[in-house]
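Hi,

Here is the structure I promised to pass on. Have a look at it first, then read my notes underneath.

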Amino acid sequence: SDLEAQITLARLLMDKIRTDAYPSSTQMDLLEQMIPRPLASEYFDVLLEKVAADQFPSVSLMARMSRLTAEM
């Protein structure tokens with residue numbers, strides 16, 4: 001189904017974003033445009049882990065988190 005395909009792609013992108021030290025903004029943009037609502041909180045947690053682990057967190061990652069919370 002379309003939802004299953006969306007979830008599969010979203011999980012693939014989330015895994016890339018989770019494991020990349022400096023995730024691609026293009027990949028994050030793509031994910032944010034198509035992420036199924038049930039995965040939004042999981043994606044938020046991925047970004048939160050990155051921000052929490054960084055001594056000087058990325059302002060753009062925090063802005064993404066803020067936008068995501070507004071849509072959740």
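Below is what turned up, starting with the overall fold and ending with the core.

A word on the basis: this is a predicted model, where local features need pLDDT of at least 70, side-chain atom pairs count only at pLDDT 80 or more, and totals for chains, interfaces and linings use all residues. Residues are numbered from 1 along each chain as its sequence is written, and side-chain values use heavy atoms, with hydrogens and water left out.

The protein chain has 4 helices and 0 strands (DSSP runs: H or I of at least four residues for helices, E of at least two for strands, numbered from the N terminus). Its C-alpha atoms fill a box of roughly 40 × 25 × 15 Å along the principal axes. Of the 72 residues, 31% are buried, meaning under 20% relative accessible area with a 1.4 Å probe, protein chains only.

Now the inside. The largest nonpolar core (buried Ala, Val, Leu, Ile, Met, Phe, Trp, Tyr and Cys joined through side-chain atoms within 4.5 Å) has 18 residues, and I17, L31, Y43 and L47 have the most contacts inside it. Two or more residues come from each of α1 (2-19), α2 (25-34), α3 (40-53) and α4 (59-71), with α3 giving the most, 6 residues.

Y43 is a good place to zoom in: leaving out residues up to four places away in sequence, Y43 touches M14, I17, M28, L31, E32, I35, R64 and L68. Contact here means heavy atoms within 4.5 Å. Among contacts between residues at least 6 apart in sequence, 61% join residues at least 24 apart.

Cheers

Methods
Buried means under 20% relative accessible area, exposed over 50%, partly exposed in between (1.4 Å probe, protein chains only).
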